[in-house]
Amino acid sequence: MKVPNILRLVYRNIVVNTDPGSLVILLGLPAMYLVFFGFGFQSLASGNRGPSYLDFLTPGIMAFQAVMAGTVGGSILWADRRWGMLSQLLVGPFTRLQYLLGIMLTAMMFGLGGAMVMLAVAYLLVGTAPIGLVALAIILASITVGSIFFGALMLLLAALVKSNTAYNSIQILLIFVVNFASTVFYPLSSGLPLVLQALFRANPLTYVSDAVRGAYSGTLNATDLYQMLVLGVETVVVLVLAVRAYLRADVSYE
Amino acid sequence: MQVGQEPPRTEEWAVRAENLRHSYDRRHFALDGVSFSIRRGEVFGLLGRNGAGKSTLIKAMTTLIQPTSGELRVLGFDPSRDGRRVRERIGVVQQAESFDFTTVQGNLDVYGMLWGIPKAERERRREQLLTRFDLGEIRRRRAFDISGGQKRRVQVAREFMHDMEILFLDEPTVGLDVIMRRTLLDSVRAEVRRGLTVVFTTHNLEEADYLCDRVAVIDEGKLLALDSVENLKQLYGGKKTIDLTVADSDPSGFFRALGAELAGSATLTVAGHAAVLLTDDTKAALSAIVTLARTHAVQLDWLNVRKNTLEDVFLHSVGHGGEGHEGP
(Lines give C-alpha, C1' and ligand atoms only; values in the text may rest on other atoms or scores of the structure.)
Protein backbone atom coordinates (compact mmCIF):
# COMPACT_ATOMS: atom_id res chain seq x y z
CA MET A 1 0.00 0.00 0.00
CA LYS A 2 1.34 3.40 -0.97
CA VAL A 3 1.61 5.80 1.94
CA PRO A 4 0.31 9.29 1.07
CA ASN A 5 2.96 11.95 0.49
CA ILE A 6 1.85 14.08 3.44
CA LEU A 7 2.18 11.20 5.89
CA ARG A 8 5.66 10.43 4.56
CA LEU A 9 6.59 14.06 5.14
CA VAL A 10 5.14 13.96 8.68
CA TYR A 11 7.12 10.82 9.46
CA ARG A 12 10.26 12.46 8.12
CA ASN A 13 9.62 15.63 10.17
CA ILE A 14 9.26 13.59 13.32
CA VAL A 15 12.25 11.34 12.68
CA VAL A 16 14.74 14.06 11.77
CA ASN A 17 13.55 16.79 14.12
CA THR A 18 13.07 14.94 17.35
CA ASP A 19 16.12 13.59 19.05
CA PRO A 20 15.46 12.39 22.61
CA GLY A 21 17.05 15.52 24.15
CA SER A 22 14.91 18.06 22.33
CA LEU A 23 11.81 15.92 22.84
CA VAL A 24 12.36 15.94 26.59
CA ILE A 25 12.77 19.72 26.55
CA LEU A 26 9.77 20.23 24.26
CA LEU A 27 7.43 18.18 26.40
CA GLY A 28 9.25 18.65 29.67
CA LEU A 29 9.25 22.46 29.69
CA PRO A 30 5.48 22.80 30.03
CA ALA A 31 5.55 20.01 32.63
CA MET A 32 8.13 22.02 34.55
CA TYR A 33 5.89 25.07 34.35
CA LEU A 34 3.16 22.96 35.87
CA VAL A 35 5.32 21.69 38.70
CA PHE A 36 7.25 24.89 39.54
CA PHE A 37 4.52 27.46 38.90
CA GLY A 38 1.82 25.14 40.20
CA PHE A 39 3.43 24.35 43.52
CA GLY A 40 5.03 27.80 43.84
CA PHE A 41 1.89 29.87 43.39
CA GLN A 42 -0.22 27.27 45.16
CA SER A 43 1.74 28.03 48.32
CA LEU A 44 1.02 31.77 47.92
CA ALA A 45 -2.67 31.11 47.60
CA SER A 46 -2.82 28.50 50.35
CA GLY A 47 -4.96 30.65 52.62
CA ASN A 48 -7.65 31.18 49.98
CA ARG A 49 -10.72 29.08 49.54
CA GLY A 50 -11.99 27.86 46.16
CA PRO A 51 -10.35 25.72 43.44
CA SER A 52 -6.64 25.17 43.74
CA TYR A 53 -4.18 27.04 41.53
CA LEU A 54 -2.98 23.70 40.17
CA ASP A 55 -6.48 22.99 38.91
CA PHE A 56 -6.46 26.39 37.24
CA LEU A 57 -2.97 26.04 35.79
CA THR A 58 -3.20 22.49 34.41
CA PRO A 59 -5.60 23.26 31.52
CA GLY A 60 -3.70 26.51 30.87
CA ILE A 61 -0.45 24.62 30.41
CA MET A 62 -2.26 22.11 28.19
CA ALA A 63 -3.38 25.04 26.02
CA PHE A 64 0.19 26.34 26.05
CA GLN A 65 1.14 23.17 24.15
CA ALA A 66 -0.49 24.78 21.12
CA VAL A 67 2.19 27.50 21.19
CA MET A 68 4.96 24.92 21.64
CA ALA A 69 3.53 23.00 18.68
CA GLY A 70 3.59 26.20 16.63
CA THR A 71 7.28 26.70 17.34
CA VAL A 72 7.94 23.14 16.14
CA GLY A 73 6.25 23.95 12.80
CA GLY A 74 8.17 27.20 12.33
CA SER A 75 11.45 25.56 13.31
CA ILE A 76 11.03 22.75 10.78
CA LEU A 77 10.47 25.18 7.91
CA TRP A 78 13.28 27.41 9.11
CA ALA A 79 15.75 24.52 9.45
CA ASP A 80 14.76 23.03 6.09
CA ARG A 81 15.32 26.35 4.38
CA ARG A 82 18.53 27.05 6.25
CA TRP A 83 20.04 23.60 5.59
CA GLY A 84 18.95 23.22 1.99
CA MET A 85 16.36 20.48 2.50
CA LEU A 86 13.44 22.69 1.50
CA SER A 87 14.61 23.08 -2.09
CA GLN A 88 15.74 19.44 -2.12
CA LEU A 89 12.29 18.27 -1.03
CA LEU A 90 10.59 20.59 -3.48
CA VAL A 91 12.44 19.05 -6.41
CA GLY A 92 11.14 15.72 -5.09
CA PRO A 93 7.73 14.14 -5.59
CA PHE A 94 5.90 16.65 -3.38
CA THR A 95 3.93 19.82 -3.98
CA ARG A 96 4.64 22.90 -1.94
CA LEU A 97 1.23 22.61 -0.34
CA GLN A 98 1.87 19.01 0.68
CA TYR A 99 5.10 20.07 2.31
CA LEU A 100 3.29 22.82 4.21
CA LEU A 101 0.46 20.54 5.28
CA GLY A 102 3.04 18.01 6.42
CA ILE A 103 4.52 20.62 8.74
CA MET A 104 1.10 21.70 10.04
CA LEU A 105 0.16 18.11 10.74
CA THR A 106 3.45 17.52 12.51
CA ALA A 107 2.89 20.62 14.65
CA MET A 108 -0.62 19.46 15.47
CA MET A 109 0.64 16.05 16.52
CA PHE A 110 3.18 17.66 18.81
CA GLY A 111 0.44 19.86 20.32
CA LEU A 112 -1.88 16.95 20.97
CA GLY A 113 0.91 14.68 22.19
CA GLY A 114 2.10 17.41 24.56
CA ALA A 115 -1.43 17.96 25.89
CA MET A 116 -1.80 14.25 26.62
CA VAL A 117 1.54 14.25 28.43
CA MET A 118 0.37 17.25 30.48
CA LEU A 119 -2.81 15.44 31.36
CA ALA A 120 -0.82 12.42 32.52
CA VAL A 121 1.66 14.61 34.45
CA ALA A 122 -1.19 16.48 36.13
CA TYR A 123 -2.88 13.24 37.07
CA LEU A 124 0.24 11.46 38.32
CA LEU A 125 2.22 14.27 39.94
CA VAL A 126 -0.37 16.81 40.96
CA GLY A 127 -3.27 14.48 41.58
CA THR A 128 -5.88 16.30 39.50
CA ALA A 129 -9.12 14.50 38.73
CA PRO A 130 -9.48 12.48 35.50
CA ILE A 131 -11.76 13.97 32.84
CA GLY A 132 -14.55 12.52 30.70
CA LEU A 133 -14.37 11.65 27.03
CA VAL A 134 -16.43 14.62 25.86
CA ALA A 135 -14.26 17.02 27.82
CA LEU A 136 -11.17 15.32 26.38
CA ALA A 137 -12.53 15.69 22.85
CA ILE A 138 -13.20 19.42 23.36
CA ILE A 139 -9.75 19.90 24.85
CA LEU A 140 -8.04 18.13 21.96
CA ALA A 141 -10.13 19.99 19.37
CA SER A 142 -9.26 23.35 20.98
CA ILE A 143 -5.57 22.48 21.07
CA THR A 144 -5.73 21.30 17.46
CA VAL A 145 -7.12 24.65 16.29
CA GLY A 146 -4.60 26.48 18.49
CA SER A 147 -1.72 24.39 17.10
CA ILE A 148 -2.78 25.22 13.55
CA PHE A 149 -3.04 28.93 14.40
CA PHE A 150 0.35 29.14 16.06
CA GLY A 151 1.89 26.78 13.52
CA ALA A 152 0.69 29.07 10.72
CA LEU A 153 1.93 32.13 12.61
CA MET A 154 5.40 30.63 13.02
CA LEU A 155 5.42 29.49 9.37
CA LEU A 156 4.60 33.05 8.36
CA LEU A 157 7.52 34.24 10.46
CA ALA A 158 9.86 31.57 9.04
CA ALA A 159 8.82 32.43 5.49
CA LEU A 160 9.34 36.17 5.90
CA VAL A 161 12.42 36.47 8.10
CA LYS A 162 15.79 35.85 6.47
CA SER A 163 18.17 36.05 9.44
CA ASN A 164 18.58 33.30 11.99
CA THR A 165 19.09 35.77 14.84
CA ALA A 166 16.01 37.77 13.86
CA TYR A 167 13.93 34.61 13.60
CA ASN A 168 14.97 33.40 17.05
CA SER A 169 14.54 36.84 18.67
CA ILE A 170 11.07 37.38 17.23
CA GLN A 171 10.04 33.86 18.18
CA ILE A 172 11.18 34.30 21.79
CA LEU A 173 9.38 37.67 22.02
CA LEU A 174 6.20 36.21 20.52
CA ILE A 175 6.19 33.25 22.87
CA PHE A 176 6.76 35.52 25.87
CA VAL A 177 3.97 37.97 24.99
CA VAL A 178 1.51 35.30 23.88
CA ASN A 179 2.22 33.20 26.94
CA PHE A 180 2.03 35.85 29.65
CA ALA A 181 -0.68 38.05 28.12
CA SER A 182 -3.10 35.14 28.20
CA THR A 183 -5.20 33.29 30.73
CA VAL A 184 -2.71 30.42 30.89
CA PHE A 185 -1.19 31.47 34.22
CA TYR A 186 -3.77 33.82 35.71
CA PRO A 187 -7.35 34.88 34.97
CA LEU A 188 -8.25 38.06 33.13
CA SER A 189 -8.95 40.49 35.91
CA SER A 190 -10.44 43.97 35.85
CA GLY A 191 -7.50 45.06 38.02
CA LEU A 192 -5.11 44.74 35.09
CA PRO A 193 -4.14 47.88 33.10
CA LEU A 194 -6.53 48.44 30.17
CA VAL A 195 -3.81 47.83 27.59
CA LEU A 196 -3.03 44.48 29.13
CA GLN A 197 -6.71 43.62 29.30
CA ALA A 198 -7.03 44.39 25.56
CA LEU A 199 -3.96 42.26 24.87
CA PHE A 200 -5.46 39.40 26.87
CA ARG A 201 -8.72 39.62 24.95
CA ALA A 202 -7.01 39.77 21.55
CA ASN A 203 -4.62 36.92 22.34
CA PRO A 204 -5.66 33.65 20.62
CA LEU A 205 -3.99 31.68 23.41
CA THR A 206 -6.58 33.12 25.79
CA TYR A 207 -9.33 31.58 23.64
CA VAL A 208 -7.61 28.19 23.62
CA SER A 209 -6.86 28.39 27.30
CA ASP A 210 -10.43 29.38 28.25
CA ALA A 211 -11.95 26.61 26.11
CA VAL A 212 -9.60 23.97 27.49
CA ARG A 213 -10.19 25.17 31.03
CA GLY A 214 -13.95 25.22 30.52
CA ALA A 215 -13.93 21.63 29.25
CA TYR A 216 -11.47 20.52 31.91
CA SER A 217 -13.47 21.94 34.82
CA GLY A 218 -16.91 21.38 33.30
CA THR A 219 -17.69 25.11 33.13
CA LEU A 220 -17.64 25.60 29.35
CA ASN A 221 -19.92 28.49 28.41
CA ALA A 222 -21.15 30.38 25.35
CA THR A 223 -18.31 32.91 25.56
CA ASP A 224 -15.73 30.11 25.34
CA LEU A 225 -17.44 28.70 22.26
CA TYR A 226 -17.73 32.15 20.67
CA GLN A 227 -14.01 32.71 21.31
CA MET A 228 -13.21 29.41 19.61
CA LEU A 229 -15.26 30.50 16.63
CA VAL A 230 -13.25 33.73 16.45
CA LEU A 231 -10.06 31.68 16.76
CA GLY A 232 -11.22 29.48 13.89
CA VAL A 233 -11.65 32.53 11.66
CA GLU A 234 -8.30 33.98 12.78
CA THR A 235 -6.66 30.64 12.08
CA VAL A 236 -7.96 30.61 8.52
CA VAL A 237 -6.69 34.18 7.95
CA VAL A 238 -3.20 33.48 9.35
CA LEU A 239 -3.05 30.18 7.47
CA VAL A 240 -3.85 31.90 4.16
CA LEU A 241 -1.22 34.58 4.85
CA ALA A 242 1.36 31.93 5.80
CA VAL A 243 0.66 29.85 2.69
CA ARG A 244 0.94 32.91 0.46
CA ALA A 245 4.18 34.05 2.07
CA TYR A 246 5.62 30.57 1.91
CA LEU A 247 4.65 30.01 -1.73
CA ARG A 248 6.36 33.28 -2.63
CA ALA A 249 9.44 32.66 -0.49
CA ASP A 250 12.64 31.88 -2.33
CA VAL A 251 13.46 28.22 -1.81
CA SER A 252 16.00 27.91 -4.55
CA TYR A 253 19.64 27.23 -4.06
CA GLU A 254 22.73 28.83 -5.55
CA MET B 1 7.17 22.41 -34.99
CA GLN B 2 5.78 23.32 -31.60
CA VAL B 3 7.61 21.81 -28.66
CA GLY B 4 5.83 19.08 -26.68
CA GLN B 5 3.12 18.13 -29.14
CA GLU B 6 4.09 14.47 -28.91
CA PRO B 7 2.50 12.29 -26.22
CA PRO B 8 4.81 12.26 -23.17
CA ARG B 9 5.63 8.52 -23.08
CA THR B 10 6.71 8.35 -26.72
CA GLU B 11 8.74 11.54 -26.40
CA GLU B 12 12.17 10.90 -27.85
CA TRP B 13 13.55 13.92 -26.10
CA ALA B 14 14.19 14.05 -22.39
CA VAL B 15 14.28 17.85 -22.47
CA ARG B 16 13.32 20.36 -25.12
CA ALA B 17 13.68 24.10 -24.71
CA GLU B 18 12.79 26.72 -27.23
CA ASN B 19 13.65 30.40 -26.90
CA LEU B 20 13.71 30.12 -23.13
CA ARG B 21 14.04 33.41 -21.28
CA HIS B 22 14.11 34.15 -17.58
CA SER B 23 14.58 37.36 -15.66
CA TYR B 24 14.77 37.69 -11.88
CA ASP B 25 14.46 41.48 -11.90
CA ARG B 26 12.60 42.22 -15.18
CA ARG B 27 15.68 44.11 -16.41
CA HIS B 28 18.40 41.53 -16.97
CA PHE B 29 17.90 38.11 -18.46
CA ALA B 30 19.59 35.19 -16.70
CA LEU B 31 18.42 33.10 -19.66
CA ASP B 32 18.19 34.91 -22.94
CA GLY B 33 16.61 32.93 -25.75
CA VAL B 34 18.06 29.51 -25.03
CA SER B 35 17.00 26.63 -27.32
CA PHE B 36 18.24 23.06 -27.09
CA SER B 37 17.15 19.43 -26.88
CA ILE B 38 18.46 16.57 -24.78
CA ARG B 39 17.95 13.03 -26.02
CA ARG B 40 16.88 10.23 -23.69
CA GLY B 41 19.87 8.29 -22.39
CA GLU B 42 22.26 11.11 -23.16
CA VAL B 43 24.80 12.74 -20.84
CA PHE B 44 24.41 16.42 -21.48
CA GLY B 45 26.97 18.86 -20.10
CA LEU B 46 26.30 22.49 -19.29
CA LEU B 47 29.49 24.53 -19.28
CA GLY B 48 29.76 28.13 -18.26
CA ARG B 49 31.30 30.56 -15.85
CA ASN B 50 29.72 31.48 -12.50
CA GLY B 51 26.54 33.42 -13.17
CA ALA B 52 26.39 32.28 -16.79
CA GLY B 53 22.86 30.94 -16.36
CA LYS B 54 23.54 27.22 -15.76
CA SER B 55 21.84 27.06 -12.37
CA THR B 56 18.88 29.10 -13.63
CA LEU B 57 18.48 26.61 -16.44
CA ILE B 58 18.63 23.69 -14.00
CA LYS B 59 16.09 25.41 -11.73
CA ALA B 60 13.73 25.85 -14.67
CA MET B 61 14.08 22.20 -15.71
CA THR B 62 13.58 20.98 -12.13
CA THR B 63 10.47 23.16 -11.58
CA LEU B 64 12.01 25.47 -8.98
CA ILE B 65 11.39 28.53 -11.16
CA GLN B 66 8.98 29.31 -13.96
CA PRO B 67 10.70 30.72 -17.03
CA THR B 68 9.55 34.23 -17.97
CA SER B 69 8.85 33.12 -21.53
CA GLY B 70 9.61 30.40 -24.05
CA GLU B 71 8.72 26.72 -24.26
CA LEU B 72 10.13 24.04 -22.01
CA ARG B 73 9.26 20.36 -21.90
CA VAL B 74 10.82 17.83 -19.54
CA LEU B 75 9.95 14.22 -20.40
CA GLY B 76 7.12 15.65 -22.46
CA PHE B 77 5.64 17.65 -19.57
CA ASP B 78 5.52 21.38 -19.06
CA PRO B 79 7.35 21.94 -15.72
CA SER B 80 5.26 25.05 -15.02
CA ARG B 81 1.97 23.17 -15.29
CA ASP B 82 2.86 19.56 -14.56
CA GLY B 83 5.59 20.17 -12.02
CA ARG B 84 4.72 17.19 -9.90
CA ARG B 85 4.80 14.77 -12.84
CA VAL B 86 8.22 16.08 -13.76
CA ARG B 87 9.53 15.88 -10.20
CA GLU B 88 8.32 12.29 -9.78
CA ARG B 89 10.59 11.32 -12.67
CA ILE B 90 13.77 13.24 -11.95
CA GLY B 91 16.59 13.26 -9.44
CA VAL B 92 18.49 16.40 -8.48
CA VAL B 93 21.86 16.75 -6.79
CA GLN B 94 22.03 20.39 -5.86
CA GLN B 95 25.11 22.52 -5.79
CA ALA B 96 24.44 23.57 -2.19
CA GLU B 97 24.54 21.21 0.79
CA SER B 98 21.23 19.72 1.85
CA PHE B 99 20.96 17.30 4.74
CA ASP B 100 18.60 16.16 7.42
CA PHE B 101 19.80 16.29 11.01
CA THR B 102 20.58 12.63 11.19
CA THR B 103 23.34 10.15 10.38
CA VAL B 104 24.71 9.40 6.92
CA GLN B 105 22.71 6.18 6.67
CA GLY B 106 19.73 7.94 8.23
CA ASN B 107 19.82 10.50 5.44
CA LEU B 108 19.76 7.73 2.84
CA ASP B 109 16.98 5.89 4.67
CA VAL B 110 14.74 8.91 5.16
CA TYR B 111 15.23 10.03 1.57
CA GLY B 112 14.32 6.56 0.26
CA MET B 113 11.25 6.56 2.50
CA LEU B 114 10.21 9.98 1.17
CA TRP B 115 10.36 8.56 -2.34
CA GLY B 116 8.15 5.68 -1.30
CA ILE B 117 10.79 2.94 -1.62
CA PRO B 118 9.67 -0.13 0.39
CA LYS B 119 11.72 -0.84 3.52
CA ALA B 120 13.49 -4.01 2.34
CA GLU B 121 14.42 -2.45 -1.00
CA ARG B 122 15.49 0.70 0.79
CA GLU B 123 17.89 -1.23 2.99
CA ARG B 124 19.28 -3.12 0.02
CA ARG B 125 19.93 0.09 -1.93
CA ARG B 126 21.35 1.85 1.12
CA GLU B 127 23.92 -0.89 1.75
CA GLN B 128 24.85 -1.00 -1.93
CA LEU B 129 25.32 2.78 -2.09
CA LEU B 130 27.24 3.01 1.18
CA THR B 131 29.71 0.52 -0.29
CA ARG B 132 29.81 2.02 -3.78
CA PHE B 133 30.50 5.53 -2.49
CA ASP B 134 32.86 4.35 0.27
CA LEU B 135 30.65 5.66 3.06
CA GLY B 136 30.60 2.52 5.22
CA GLU B 137 32.97 3.84 7.86
CA ILE B 138 31.08 7.07 8.38
CA ARG B 139 27.57 5.64 8.13
CA ARG B 140 26.76 6.38 11.78
CA ARG B 141 28.22 9.87 11.82
CA ARG B 142 25.97 12.91 11.57
CA ALA B 143 25.87 14.22 8.01
CA PHE B 144 26.74 17.73 9.19
CA ASP B 145 29.88 16.52 10.96
CA ILE B 146 31.63 14.93 7.98
CA SER B 147 34.08 16.56 5.55
CA GLY B 148 33.06 18.49 2.44
CA GLY B 149 34.03 15.69 0.05
CA GLN B 150 32.18 13.11 2.14
CA LYS B 151 29.08 15.31 2.17
CA ARG B 152 29.17 15.52 -1.59
CA ARG B 153 29.37 11.74 -1.83
CA VAL B 154 26.41 11.37 0.52
CA GLN B 155 24.36 13.81 -1.54
CA VAL B 156 25.06 11.95 -4.77
CA ALA B 157 24.57 8.50 -3.18
CA ARG B 158 21.29 9.65 -1.62
CA GLU B 159 19.88 10.54 -5.02
CA PHE B 160 20.41 6.97 -6.24
CA MET B 161 18.05 5.74 -3.50
CA HIS B 162 15.17 6.26 -5.91
CA ASP B 163 14.49 5.51 -9.56
CA MET B 164 14.47 8.32 -12.06
CA GLU B 165 14.51 9.05 -15.76
CA ILE B 166 16.69 12.15 -15.66
CA LEU B 167 19.39 12.98 -13.14
CA PHE B 168 20.41 16.62 -12.77
CA LEU B 169 23.88 16.99 -11.30
CA ASP B 170 24.84 20.54 -10.42
CA GLU B 171 28.62 20.55 -9.96
CA PRO B 172 28.64 17.17 -8.19
CA THR B 173 32.38 16.66 -7.99
CA VAL B 174 33.35 19.85 -6.15
CA GLY B 175 35.54 18.90 -3.18
CA LEU B 176 36.09 15.30 -4.24
CA ASP B 177 39.54 13.77 -4.56
CA VAL B 178 40.64 12.27 -7.87
CA ILE B 179 39.72 8.68 -7.01
CA MET B 180 36.28 9.55 -5.65
CA ARG B 181 35.62 11.84 -8.59
CA ARG B 182 36.33 9.00 -10.99
CA THR B 183 34.20 6.61 -8.89
CA LEU B 184 31.31 9.05 -9.06
CA LEU B 185 31.64 9.64 -12.78
CA ASP B 186 31.85 5.89 -13.41
CA SER B 187 28.73 5.34 -11.28
CA VAL B 188 26.90 7.87 -13.37
CA ARG B 189 28.15 6.18 -16.54
CA ALA B 190 26.90 2.81 -15.29
CA GLU B 191 23.45 4.29 -14.70
CA VAL B 192 23.52 5.88 -18.16
CA ARG B 193 24.10 2.45 -19.66
CA ARG B 194 20.81 1.42 -18.01
CA GLY B 195 19.03 4.25 -19.80
CA LEU B 196 19.36 7.18 -17.40
CA THR B 197 19.57 10.66 -18.91
CA VAL B 198 22.02 12.96 -17.14
CA VAL B 199 22.24 16.74 -17.18
CA PHE B 200 25.54 17.74 -15.72
CA THR B 201 27.01 21.15 -14.91
CA THR B 202 30.68 21.48 -14.15
CA HIS B 203 33.63 23.81 -14.22
CA ASN B 204 35.92 20.88 -14.78
CA LEU B 205 36.23 20.45 -18.51
CA GLU B 206 38.13 17.19 -18.25
CA GLU B 207 35.10 15.73 -16.49
CA ALA B 208 32.80 16.99 -19.22
CA ASP B 209 35.16 15.48 -21.79
CA TYR B 210 35.13 12.15 -19.90
CA LEU B 211 31.41 11.92 -19.21
CA CYS B 212 29.35 13.97 -21.65
CA ASP B 213 27.98 12.95 -25.02
CA ARG B 214 27.22 16.55 -25.85
CA VAL B 215 27.99 19.83 -24.18
CA ALA B 216 26.39 23.26 -24.30
CA VAL B 217 28.48 26.33 -23.60
CA ILE B 218 26.40 29.03 -21.97
CA ASP B 219 27.39 32.58 -21.13
CA GLU B 220 25.40 35.62 -20.06
CA GLY B 221 22.22 33.61 -20.48
CA LYS B 222 22.93 32.74 -24.11
CA LEU B 223 23.80 29.42 -25.65
CA LEU B 224 27.11 29.91 -27.46
CA ALA B 225 27.87 26.40 -28.63
CA LEU B 226 26.15 23.04 -28.55
CA ASP B 227 27.52 19.84 -30.01
CA SER B 228 29.26 16.59 -29.20
CA VAL B 229 32.59 17.02 -27.45
CA GLU B 230 34.45 15.70 -30.49
CA ASN B 231 32.58 17.96 -32.88
CA LEU B 232 33.25 20.96 -30.71
CA LYS B 233 36.92 20.14 -30.68
CA GLN B 234 36.74 19.98 -34.46
CA LEU B 235 34.68 23.16 -34.60
CA TYR B 236 37.69 25.10 -35.75
CA GLY B 237 38.62 22.55 -38.42
CA GLY B 238 42.02 21.02 -37.92
CA LYS B 239 43.13 23.94 -35.81
CA LYS B 240 45.76 23.68 -33.18
CA THR B 241 46.44 25.68 -30.10
CA ILE B 242 49.65 27.60 -29.44
CA ASP B 243 50.33 28.64 -25.86
CA LEU B 244 52.89 31.37 -25.39
CA THR B 245 54.20 33.35 -22.45
CA VAL B 246 56.47 36.40 -22.65
CA ALA B 247 58.86 37.76 -20.06
CA ASP B 248 58.50 41.51 -20.70
CA SER B 249 56.75 43.80 -18.25
CA ASP B 250 54.45 45.31 -20.89
CA PRO B 251 53.84 42.95 -23.80
CA SER B 252 50.63 44.68 -24.93
CA GLY B 253 52.24 46.18 -28.06
CA PHE B 254 53.58 42.79 -29.09
CA PHE B 255 50.20 41.09 -28.60
CA ARG B 256 48.40 43.88 -30.50
CA ALA B 257 50.76 43.51 -33.43
CA LEU B 258 50.42 39.73 -33.34
CA GLY B 259 46.61 40.01 -33.37
CA ALA B 260 46.76 42.36 -36.34
CA GLU B 261 49.26 40.18 -38.20
CA LEU B 262 47.18 37.03 -37.79
CA ALA B 263 43.78 38.66 -38.25
CA GLY B 264 41.48 36.33 -40.16
CA SER B 265 43.66 33.26 -39.76
CA ALA B 266 43.84 32.85 -35.99
CA THR B 267 42.02 33.64 -32.75
CA LEU B 268 44.12 35.22 -30.04
CA THR B 269 43.14 35.28 -26.39
CA VAL B 270 45.43 37.24 -24.05
CA ALA B 271 45.65 37.10 -20.26
CA GLY B 272 48.47 39.26 -18.86
CA HIS B 273 51.78 37.84 -20.07
CA ALA B 274 50.23 34.71 -21.53
CA ALA B 275 48.24 34.15 -24.69
CA VAL B 276 46.44 31.29 -26.36
CA LEU B 277 46.37 31.23 -30.14
CA LEU B 278 44.00 29.04 -32.12
CA THR B 279 45.02 28.57 -35.73
CA ASP B 280 44.95 26.15 -38.65
CA ASP B 281 48.27 27.44 -39.97
CA THR B 282 50.74 26.80 -37.19
CA LYS B 283 53.72 27.41 -39.46
CA ALA B 284 52.60 30.96 -40.33
CA ALA B 285 51.59 31.68 -36.73
CA LEU B 286 54.94 30.51 -35.32
CA SER B 287 56.78 32.53 -37.92
CA ALA B 288 54.76 35.65 -37.01
CA ILE B 289 55.39 35.11 -33.31
CA VAL B 290 59.15 34.79 -33.76
CA THR B 291 59.37 37.73 -36.20
CA LEU B 292 57.28 40.07 -34.07
CA ALA B 293 59.08 39.03 -30.90
CA ARG B 294 62.32 40.09 -32.56
CA THR B 295 60.81 43.36 -33.87
CA HIS B 296 59.34 44.29 -30.46
CA ALA B 297 62.39 43.00 -28.59
CA VAL B 298 60.19 40.67 -26.60
CA GLN B 299 61.63 37.61 -24.89
CA LEU B 300 59.56 34.45 -25.29
CA ASP B 301 59.37 32.44 -22.08
CA TRP B 302 57.22 29.55 -23.24
CA LEU B 303 55.96 28.38 -26.60
CA ASN B 304 53.96 25.21 -27.04
CA VAL B 305 51.90 23.79 -29.90
CA ARG B 306 49.19 21.26 -28.97
CA LYS B 307 45.87 19.75 -30.05
CA ASN B 308 42.64 21.44 -29.04
CA THR B 309 41.00 20.52 -25.74
CA LEU B 310 37.48 21.17 -24.57
CA GLU B 311 38.91 24.00 -22.48
CA ASP B 312 40.05 25.77 -25.66
CA VAL B 313 36.59 25.34 -27.13
CA PHE B 314 35.08 26.77 -23.95
CA LEU B 315 37.47 29.73 -23.80
CA HIS B 316 36.96 30.60 -27.43
CA SER B 317 33.20 30.17 -27.24
CA VAL B 318 32.96 32.41 -24.20
CA GLY B 319 35.48 34.75 -25.78
CA HIS B 320 37.47 35.42 -22.62
CA GLY B 321 40.80 34.09 -21.61
CA GLY B 322 40.99 36.35 -18.65
CA GLU B 323 41.29 40.06 -18.11
CA GLY B 324 42.59 41.11 -21.50
CA HIS B 325 40.90 39.92 -24.65
CA GLU B 326 42.09 40.73 -28.08
CA GLY B 327 40.42 39.32 -31.11
CA PRO B 328 42.21 38.81 -34.42
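**A walk through a two-chain model**

Let's start with one pair of residues: B:Glu97 and B:Lys151 form a salt bridge, with their closest N and O atoms 3.3 Å apart. A salt bridge here is a side-chain nitrogen of Lys or Arg within 4 Å of a carboxyl oxygen of Asp or Glu. This pair links distant parts of the chain, since B:Glu97 sits in the loop between β5 and α3 of chain B while B:Lys151 belongs to helix α5 of chain B, 54 residues away. Helices (H or I, at least four residues) and strands (E, at least two) are DSSP runs, numbered from the N terminus. B:Lys151 is buried, at 11% relative accessible area, whereas B:Glu97 counts as partly exposed at 37%. The cut-offs are under 20% relative accessible area for buried and over 50% for exposed, with partly exposed in between (1.4 Å probe, protein chains only).

Before going on, a word on what you're looking at. This is a predicted model, where local features need pLDDT of at least 70 and side-chain atom pairs count only at pLDDT 80 or more, while totals for chains, interfaces and linings use all residues. Residues are numbered from 1 along each chain as its sequence is written, chains are lettered from A and ligands numbered from 1 in the order in which they are written, and side-chain values use heavy atoms, leaving out hydrogens and water.

Back to the salt bridges: the whole structure has 26 of them over all chains. In one, B:Arg40 pairs with B:Glu165, with 3.0 Å between the closest N and O atoms. These two are 125 residues apart, B:Arg40 in the loop between β2 (31-39) and β3 (43-47) of chain B and B:Glu165 in the loop between α5 and β6 (166-170) of chain B. For a pair within one helix, look at B:Arg124 and B:Glu121, whose closest N and O atoms are 2.8 Å apart. Both lie in helix α4 (residues 119-132) of chain B, three residues apart, or about one turn of the helix. Salt bridges that share partners also join B:Arg40, B:Arg84, B:Glu88, B:Arg89 and B:Glu165 into one network.

Now zoom out to chain B as a whole. It has 11 helices and 13 strands, and 53% of its 328 residues count as buried.

Where do the two chains meet? The contact (heavy atoms within 4.5 Å) takes 30 residues from chain B and 25 from chain A. Together the chains bury about 2500 Å², 61% of it on carbon and sulfur atoms; buried area is the accessible area (1.4 Å probe) that two parts lose on being put together, summed over both. One salt bridge crosses this interface, and its partners are B:Asp100 and A:Arg12, at 2.4 Å from N to O. On the chain B side, α3(B) gives the largest share, four residues.

Finally, take a look at two helices of chain A. Helix α9 (residues 204-217) has 14 residues, which at 1.5 Å a residue should span 20 Å, and its end C-alpha atoms are indeed 20 Å apart. The expected span is 1.5 Å times one less than the number of residues. Of those 14 residues, 13 are buried, so α9(A) is largely enclosed by the rest of the structure. After α9(A) comes A:Gly218, which has a positive phi, near 75°. Helix α10 (residues 222-248) of chain A passes the span check too: its 27 residues should cover 39 Å, and its end C-alpha atoms are 39 Å apart. Among the buried residues of α10(A) are A:Met228, A:Leu231 and A:Val238.
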